[in-house]
Amino acid sequence: MFYPNLRHEKKLQRQGFSAIAGLDEAGKGAWAGPIVAGAVILNPKVKIKGIKDSKLLRAPQRQELFAEITASAIAWAAGIVSDKEIDKIGITKANHLALIKALEKLNQPPDYLLIDALKINYRNLPFLAKIDGDYKITSVAAASIIAKVTRDRLMEDFDELYPQYGFKQHKGYGTSHHWQMLMEHGICEIHRTSFEPMKHFLNE
């Protein structure tokens, strides 16, 4: 199994950077619920085994790594943008906003950003936007775990409010079961009405 590495972080540390934040999001393609970004400044003195992109981990592994990361990181945060805001400004801007929100919540300001794919301008900080960064860069993979676990917990809370949709299982993504529930019940308060599948139900 492929694991990300600390090559980028170590290179930046040799250049004098000391607060290198990894960034990633979860929920960009979902039909319902928020988009959530994670930001993590890992402690270079603490080794955490098993960090990799959240999509490659089972839920119990993500929970365990989430606990380890949040306990040992120099700083970590999650930025949340709601379905209503996504519908208002569009998913690309919402993705940017979630990343900025996560950065603003860090209790230590970063001096360099490692981001999964997306270029952002945050206080004119230097950054590297790396395609598949969550597969290749440890701090970005750690951020993906923060984002995914935070979002999953939010969707499990929504499952209690809207039990008929099965949010606890599919987390708002476009599964066949989710579509079937939409056909039976229509959309609810947290569905993204700007997304094409939801427009089908609005136009009926």
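Note to self before starting: a helix here is a DSSP run of H or I with at least four residues, a strand is an E run of at least two, and both are numbered from the N terminus. I also keep in mind that this is a predicted model.

**Entry 1: the end of α8**

I started at helix α8, residues 176–185. Right after α8 comes Gly186, and I read a positive phi there, near 75°. Next I asked which residues of α8 are buried. I found His178, Met181 and Leu182. These three sit on the same side of α8, because they cover an arc of only 105° around the axis. That fits the textbook rule: an α-helix has 3.6 residues a turn, so residues three or four places apart point the same way. I then checked what the buried residues of α8 pack against, and got α7 (167–170) and α9 (196–202). On the face turned away from the buried side I noted Ser176, Met183 and Glu184, which are exposed.

**Entry 2: positive phi without glycine**

Gly186 made me look for positive phi at other residue types. Lys171 is one of them: its phi is about 60°, and it is not a glycine. I placed Lys171 in the loop between α7 and α8. Buried or exposed, this Lys171? I get a relative accessible area of 12%, and since the cut-off for buried is under 20%, Lys171 counts as buried.

Ala117 also has a positive phi, about 75°, and is not a glycine either. I found Ala117 in the loop between β4 and β5. Its relative accessible area is 42%, so I logged Ala117 as partly exposed.

**Entry 3: the sheet**

From the Ala117 loop I moved on to the strands. I wanted to know in what order the strands of the sheet lie. I read β3-β2-β1-β4-β5, five strands in an open sheet with mixed pairing. The edge strands are β3 (75–81) and β5, each of which pairs on one side only. Going from one strand to the next, I get an average twist of 15°.

I then took β1, residues 20–26, and found six of its seven residues buried. On one side I followed β1 to β2 (residues 35–41): six bridges, antiparallel. In that pair, I noted Glu25 of β1 opposite Ala37 of β2. I also followed β1 to β4 (residues 112–116): four bridges, parallel. Here I picked out Gly22, whose bridge partner in β4 is Leu114.

Next I looked at what lies across this region. Helix α4 (residues 91–105) lies across β1, β2, β3 and β4, and I read its angle to β3 as about 145°.

**Entry 4: β4 up close**

How many residues of β4 are buried? Five of the five, so I call β4 largely enclosed by the rest of the structure. Side chains in a regular strand alternate between the two faces of the sheet. I checked this on β4: Tyr112, Leu114 and Asp116 point one way, Leu113 and Ile115 the other way, and all are buried. With β5 (residues 127–130), β4 pairs in the parallel sense over four bridges. I logged two partners in β5: Phe127 for Leu113, and Ala129 for Ile115.

**Entry 5: Asp134**

Last stop was Asp134, which I found in helix α5, residues 133–136. Asp134 has 3% relative accessibility and so counts as buried. I wanted to see which side chain makes a polar contact with the side chain of Asp134. I found Lys55, at 3.3 Å. I then listed the contacts of Asp134, leaving aside neighbours within four places in sequence. The list has Asp24, Lys52, Asp53, Lys55, Asp116, Val140, Ala141 and Ser144. Two of those names tie back to my strand entries: Asp24 falls in β1, residues 20–26, and Asp116 is among the buried residues of β4.

Terms used. Residues numbered from 1 in each chain as written. Predicted model: local features only at pLDDT ≥ 70, side-chain atom pairs only at ≥ 80, totals over all residues. Heavy atoms only, no water. Buried < 20%, exposed > 50% of the residue type's maximum accessible area, 1.4 Å probe, protein only. Polar contact = N/O pair within 3.5 Å; in protein donor to acceptor, adjacent residues only side chain to side chain. Contact = heavy atoms within 4.5 Å. Pairing = 2+ DSSP bridges. Arc of directions from axis to C-beta. Axes fitted to C-alpha atoms, helices over the stretch in contact; angles between N-to-C directions.
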